[in-house]
Amino acid sequence: MVSGEMILNSTRLLLPEVILVCIASALLVAGVLAKNSSFHWVSKLSALTCIALAGLIAMLGIDQDRVLAFGGMVVRDGFSNFVAIMIL
């Protein structure tokens, strides 16, 4: 049986990806709804978001061994943190 604490801990591992999706969606909508000058601030905010999330991933994974979430479907370890930062 799955407890609420186990689901919360599993969801915490995906926090950087969830933040990225939410901010990217908000920036896309803001860029579409804004006037023609939105390119500059949307591109600056997206770069700032990538830098902040890379820092968040690095901070969350400093003392982290291999952690499994959602019954082993998500693995968070040093290599996955490295790949996530490189993809950003």
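This report describes selected helices and residues of a predicted model.

## Helices 1 and 2

Helix 1 covers residues 4–13, and helix 2 covers residues 15–33. The two pack at an angle of about 60°, and their axes are 4 Å apart. Helix 1 is therefore oblique to helix 2, because angles of 65 to 115 degrees count as roughly perpendicular and those under 35 degrees as roughly parallel.

On the side of helix 1, the contact is formed by T11, R12 and L13. Helix 2 contributes L15, P16 and E17. By character, the residues of this contact comprise three nonpolar, one polar and two charged.

## Helix 3

Helix 3 runs through residues 38–60, a total of 23 residues. At 1.5 Å a residue it should span 33 Å, and the 32 Å between its end C-alpha atoms therefore agrees with that expectation.

The buried residues of this helix are S38, V42, T49, L53, A54 and I57. They pack against helix 2, strand 2 (74–76) and helix 4 (78–87). In general, an α-helix has 3.6 residues a turn, so residues three or four places apart point the same way.

One of the buried residues of helix 3 is T49. Its relative accessible area is 14%, and T49 counts as buried because the limit is under 20%. Apart from neighbours within four places in sequence, T49 is in contact with L20 and I23.

## R76 in strand 2

R76 belongs to strand 2. With a relative accessibility of 8%, R76 is classed as buried. Its side chain makes a polar contact with the side chain of E17, at 3.0 Å. E17 is also one of the helix 2 residues in the contact with helix 1.

When neighbours within four places in sequence are set aside, the contacts of R76 are L13, L14, E17, I57, Q64, D65, R66, V67, N81 and A84. Among them, L13 takes part in the contact of helix 1 with helix 2, and I57 is a buried residue of helix 3.

## Q64 in the loop after helix 3

Q64 lies in the loop between helix 3 and strand 1 (67–69). Not counting residues up to four places away in sequence, Q64 touches L13, R76 and N81. L13 and N81 also appear among the contacts of R76.

Q64 and A26 are 38 residues apart in sequence. In space, their C-alpha atoms are 31 Å apart.

Note on methods:
Residues numbered from 1 in each chain as written. Predicted model: local features only at pLDDT ≥ 70, side-chain atom pairs only at ≥ 80, totals over all residues. Heavy atoms only, no water. Axes fitted to C-alpha atoms, helices over the stretch in contact; angles between N-to-C directions. Parallel < 35°, antiparallel > 145°, perpendicular 65-115°, else oblique. Contact = heavy atoms within 4.5 Å. Nonpolar A, V, L, I, M, F, W, Y, C, P; charged D, E, K, R; others polar. Expected span 1.5 Å × (residues − 1). Buried < 20%, exposed > 50% of the residue type's maximum accessible area, 1.4 Å probe, protein only. Polar contact = N/O pair within 3.5 Å; in protein donor to acceptor, adjacent residues only side chain to side chain.
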